[in-house]
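Work through the exercises below with the coordinates open. Each task is followed by a solution in steps.

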Amino acid sequence: MKRIAVLTSGGDAPGMNAALRAVVRGALYNKMEVCGIYHGFEGLIDGEIEQFGMSSVSDIIHRGGTVLGTARSKRFMEKEGFKTAVKNLKGNGIDGLVVIGGDGSFRGALTLLRADVAVIGVPGTIDNDLGYTDYTIGFDTAVNTVVELCGNIRDTSVSHGRATVMEVMGRHCGDIALHAGLAAGAESILIPEKKLDLDAVCRKMLAGKSRGKLHSLIMKAEGVEMGTAELAQELEKRTGIPTKTVVPGYIQRGGSPTFFDRNLATRLGYRAVSLLKDGQRGRCVGIHENRIMDVDIEDAIDSKNPSRESMLELADILS
Ligand code: F6P
């Protein structure tokens with residue numbers, strides 16, 4: 001392995017820069033040349049490829065977002081775009097590619113693997129929706145951001161005796177809602193993996209009120225079947241408790257990464273480079289029981305998150 005490249009793809013996630021830094025400096029340490037590709041697979045098609053040195057990744061470990069830029073590329077899924085992408089890799093003498101992103105990006109990487117490109121996936125997404133790894137890069141920061149916002153909401157909700165429905169990111173995976181909800185002491189946590197039980201949410205709100213509780217927090221993932229505004233209206237109608245909505249949206253995706261995300265990204269990025277150096281391909285790196293590991297890319301894409309039932313139960317018991 002002489003010359004590798006790295007790109008970030010899909011939704012950005014805090015810690016992607018730390019992963020990029022580890023890939024670039026790890027490659028240089030192992031005597032490989034390394035290129036950064038801007039704007040994900042889009043930039044690969046457009047030839048936005050630049051050779052990196054040690055200082056190309058200076059002063060980024062603490063920054064959210066991705067200095068490489070990112071994209072969700074439609075062109076890459078089409079025959080012409082894909083062909084150009086492969087041609088640009090070969091034309092630049094690139095033997096291996098590290099793809100930092102979520103499941104969509106891993107699918108893109110898999111198509112490159114099938115075209116004989118040595119790819120390695122690094123899980124970068126705030127959603128934590130790749131079941132083979134206990135954590136994805138960016139998840140911890142996003143959850144901490146949401147938990148902090150919950151404190152602000154609690155202050156004003158208590159003052160006014162209101163309930164709040166907070167909608168957090170996660171179209172198919174409720175991990176942000178679940179982890180932030182448990183940490184913030186939410187009365188109810190609603191995730192797409194579990195059928196919505198409106199009666200149970202109302203019961204919790206009313207039980208809290210009857211023991212003198214001044215506010216309720218209902219933490220809801222965006223993928224839950226009922227819309228957030230509609231849910232708030234329905235809860236207010238059924239309980240008589242004024243209910244507001246909060247949608248932090250992209251605020252959750254930005255911000256300086258936590259120590260956890262920086263270190264996870266650093267360890268995963270370095271493992272990705274080590275795999276390429278050892279001649280491995282088609283692997284995705286992750287963390288399981290605090291050990292850095294790697295799995296076959298197809299298994300990574302197919303992996304399902306473990307059941308979160310016991311965490312939901314715990315949140316229910318304690319709220
Ligand atoms: O994949 C991360 C994520 O932030 C999801 O939680 C969210 O549903 C989606 O990206 C939003 O994507 P976009 O940036 O395309 O609006």
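**Exercise 1. The β10–β11 pair**

Task: In this predicted model, find how many bridges join strand β10 to strand β11, and in which sense the two strands run.

Solution:
- Take the residue ranges: β10 covers residues 283–288, and β11 covers residues 291–296.
- Count the bridges and read the direction: six bridges join the two strands, which run antiparallel.
- Pick one pair as a check: glycine 286 has methionine 293 in β11 as its bridge partner.
- Turn to the connection: the hairpin of β10 and β11 has two residues between the strands, and glutamate 289 in this hairpin takes a positive phi near 50 degrees.

**Exercise 2. Positive phi in two loops**

Task: Locate lysine 31 and aspartate 59, give the phi of lysine 31 and of aspartate 59, and decide whether lysine 31 and aspartate 59 are buried or exposed.

Solution:
- Lysine 31 lies in the loop between α1 (16–29) and β2 (33–37). Phi of lysine 31 is near 65 degrees, which is positive although the residue is not glycine.
- The relative accessible area of lysine 31 is 75%. Exposed means over 50%, so lysine 31 is exposed.
- Aspartate 59 belongs to the loop between β3 (49–52) and α3 (79–91). Phi of aspartate 59 is near 65 degrees, again a positive value in a residue other than glycine.
- With a relative accessible area of 57%, aspartate 59 is exposed.

**Exercise 3. The ligand site**

Task: List the residues that surround the ligand, then find the distances from ligand oxygen atoms to the side chains of arginine 72, aspartate 127 and arginine 171.

Solution:
- The surrounding residues are Arg72, Thr125, Ile126, Asp127, Met169, Gly170, Arg171, Glu222, Tyr250 and Arg253.
- For aspartate 127, an N or O atom of the side chain is 2.6 Å from an oxygen atom of the ligand.
- For arginine 72, the corresponding distance to a ligand oxygen is 2.9 Å.
- For arginine 171, a side-chain N or O atom is 3.2 Å from an oxygen atom of the ligand.
- Finally, take the cover: the ligand on its own has 400 Å² of accessible area, of which the protein covers 79%.

**Exercise 4. A nonpolar surface patch**

Task: Place isoleucine 317 in its helix, classify isoleucine 317 as buried or exposed, and identify the patch that contains Ile317.

Solution:
- Isoleucine 317 sits in helix α11, residues 309–318.
- Its relative accessibility is 65%, so isoleucine 317 counts as exposed.
- Leu314, Ile317 and Leu318 form a nonpolar patch on the surface, and together these residues have about 330 Å² of accessible area.

Definitions and conventions. Residues are numbered from 1 along each chain as its sequence is written. This is a predicted model: local features need pLDDT of at least 70, side-chain atom pairs count only at pLDDT 80 or more; totals for chains, interfaces and linings use all residues. Side-chain values use heavy atoms; hydrogens and water are left out. Patches are made of residues with over 30% relative accessible area and no salt bridge: like charges are joined within 9 Å, nonpolar side chains (Val, Leu, Ile, Met, Phe, Trp, Tyr) within 5 Å. Accessible areas come from the Shrake-Rupley method with a 1.4 Å probe; for residues, only the protein chains shown count as cover. A salt bridge is a side-chain nitrogen of Lys or Arg within 4 Å of a carboxyl oxygen of Asp or Glu. Helices (H or I, at least four residues) and strands (E, at least two) are DSSP runs, numbered from the N terminus. Buried means under 20% relative accessible area, exposed over 50%, partly exposed in between (1.4 Å probe, protein chains only). A residue is near a molecule or strand if one of its heavy atoms lies within 4 Å of it. A polar contact is a pair of N or O atoms within 3.5 Å; within protein, one must be able to donate a hydrogen and the other to accept it, and residues adjacent in sequence count only if both atoms are side-chain atoms. Two strands pair if DSSP finds at least two bridges between them.
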